Every structure is written in structure tokens, then in C-alpha cells.
Amino acid sequence: MRDDLVLAQRAAVAGAAVGLRYFARVQELARQQKADGSVVTEADLTVEEEVRRVLRAERPADAFIGEETGELGQGRRRWILDGIDGTLVFVQADDRWQTLIALEEDGEVVIGVAVVPAQRRLWYAARGQDTFVADLVDGRVSGERRLRAGKPPSALRSCRVAVLPPIDMIPARYRPEVDRLADAAVVTGWSAHGALLVASGELDMAVQVGGKLWDYAPLSLIVTEAGGRFSGDRGQGHPVTGTAVFSSGGAVHVAACAIVAGGTGG
């Protein structure tokens, strides 16, 4: 598993380099709208292709699924890719976008990597081996630090919660659940994806709406290996589509799920 993690890190660093080149001229990029209403650019596809190229060179027998590059192959091992997660902030020259990589074995996520290229940071986890963050210095991983989620608050009203996408970009169909959550907890800003900040103990919870397999698979392991909890809004585990909750755990996780799913919470 360690070899897979090192490979995933290498692929993430390669993807980050490509992503940063596009980010330097992001205002020039053409933008298209996909059938689901999300925004896509050439950068999304090219970064994902680069990540898959690096992985396939070492693991040609593995299967792949990516947001932009689709599915390739079958088998008990599958790499899950998102070249640019957070395209909505990427195209606004906001540095919070990331590249996500996960490895799934027999339906279970065993490797999770998130690189935030414009912030020069790499977050990663292997099942049973904790969660870490490191700096990217001249394309190298440096200064590894182990992360732990914080102690869960005793009540949801005390939770510091990040909502993703940014609230002003939330699709209308998800506004009611976000509004319910905002009435019950302390919604706050986020300097990187809220799940990463939960893993580091900087936030108590992150709630993301409208996500899919590639959005959640890597982050779910990063949070749980840091001692936190991940689920869909109805308590379901991986794979999750729609709304997901990342938290430091405890009763507040269940309460948040109930609220965003349409209940009263606690």
C-alpha cells in the first residue's frame, strides 16, 4: 500500500504542475457548461489526463474512473480521479481548487490524496496509516506532519461548519438544506476544502452538496484516517452522491445529517 501512496503522490504533483500552468492564465480559458450545469475547462481534462498517465505507467492493469476522462478497465483495484475539484473557484482565480486521487480496492477506499497546488500543500492518507499534510517545494514533498481531527462539539449549535461550494455558488435545489444547516450551526469560511480542515482540527464539520464519487472518495479517507467521520446525508458510506458530511464525529454528525436530509436534528 505504501508503494501505491507514493505513486499517488507523484501523480498528484505531476497534475499540480499542469494545473498551475493553466491557473497562471485562467482568465484566458474558455469555459463550457456540462449537462448537469457544472463548469468545465480544458484544464480539467488535461490535468486529469496527466494524473492518469502517471498512474497507468506503473499500474497498467488497474481500472480508472475520472470525472472528465470516464471509465477505463475493470477489476478489484480502481483509481478515482478529479483533475480539478472546485472549477467554480478555479475560474475565478481563487487558490482553493484541488486535484483529487483515490484508490479503491474491492469497493473500499485505501488511498486518498488531495493536492492544493496554488497553496503548495499535499494532504494524504492510506487506510490504517493515519493522515498527513506536507508542503510542495520545487515539486518535492517536504515537511510531513501527522493530522488529527478535533474533539467533537457537544452540540451542533457550537459546530464550526464549512459549506461547499461557497454559499453564493450553491445550486438553488440545495439552498433549503444549506439554510437549515446555517440556522443550526456556525457556518464559517474556509481557506481550503472544508474536509481537509476537519482532518487538521481547524473545523468541526464540512458539508458539501452536489458531489459525486470522485469528489468524496479521497476526502473520505483523509478525514476518517485523521479520526473523523464521513457519510452521506442519510448516513450511507462510500460511495456517496449528492450531499456529504465530514466531521470530527460524535452526535453532531448525526444531527447535521438529519437537518440537511430534511429532519430536525438535535
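A residue counts as buried here when its relative accessible area is under 20%, and that cut-off will be needed at several stops of this tour through a predicted model.

Begin by selecting phenylalanine 246, which, at 0% relative accessibility, counts as buried. Add phenylalanine 230, which is also buried, with a relative accessible area of 12%. The two residues form a tilted aromatic pair, 5.1 Å from centre to centre and with 40° between the planes. Because phenylalanine 230 lies in strand β14 (residues 229–232) and phenylalanine 246 in strand β15 (residues 242–247), the pair ties together parts that are 16 residues apart in sequence.

Turn next to the open sheet, selecting its eight strands in the order β4-β3-β5-β6-β7-β8-β9-β10, and note that the pairing is mixed. At the edges are β4 (70–72) and β10 (140–147), each of which pairs on one side only. From one strand to the next, the twist averages 15°.

Within this sheet, colour strand β6 (residues 98–105) and strand β7 (residues 108–116), which run antiparallel and are joined by seven bridges. Here leucine 100 stands opposite alanine 114 of β7.

Now display the helices that pack on the sheet. Helix α2 (residues 42–58) touches β3 (63–66), β4, β5 (77–85) and β6, and its direction makes about 150° with that of β5. Helix α6 (residues 213–225) also packs on the sheet, where its contacts are with β3, β5, β6, β7, β8 (121–126) and β9 (131–137), and the direction of helix α6 makes about 95° with that of β7.

For the aromatic side chains, a search of the whole structure finds seven pairs. Select tyrosine 124 and phenylalanine 132, whose ring centres are 6.0 Å apart and whose planes meet at 20°, so the pair is stacked; both residues are buried. Elsewhere, Phe23, Phe90 and Trp97 can be selected together, as they form one aromatic cluster. A further stop is arginine 96, which lies over the face of tryptophan 190 at 4.1 Å from the ring centre.

Finish with the cysteines: how many disulfides does the structure hold? The structure holds zero, and cysteine 159 has as its nearest cysteine sulfur that of cysteine 257, 11 Å away. That separation is too far for a bond, since a disulfide requires sulfur atoms within 2.5 Å. Both side chains can be checked against the opening cut-off: cysteine 159 is buried, with a relative accessible area of 0%, and cysteine 257, at 7% relative accessibility, counts as buried too.

Conventions:
Residues numbered from 1 in each chain as written. Predicted model: local features only at pLDDT ≥ 70, side-chain atom pairs only at ≥ 80, totals over all residues. Heavy atoms only, no water. Pairing = 2+ DSSP bridges. Helix = DSSP H or I, 4+ residues; strand = E, 2+ residues; numbered from the N terminus. Axes fitted to C-alpha atoms, helices over the stretch in contact; angles between N-to-C directions. Contact = heavy atoms within 4.5 Å. Buried < 20%, exposed > 50% of the residue type's maximum accessible area, 1.4 Å probe, protein only. Phe/Tyr/Trp six-rings, centres within 6.5 Å; stacked < 30°, edge-to-face > 60°. Lys NZ or Arg CZ within 6 Å of the ring centre and 35° of its normal.
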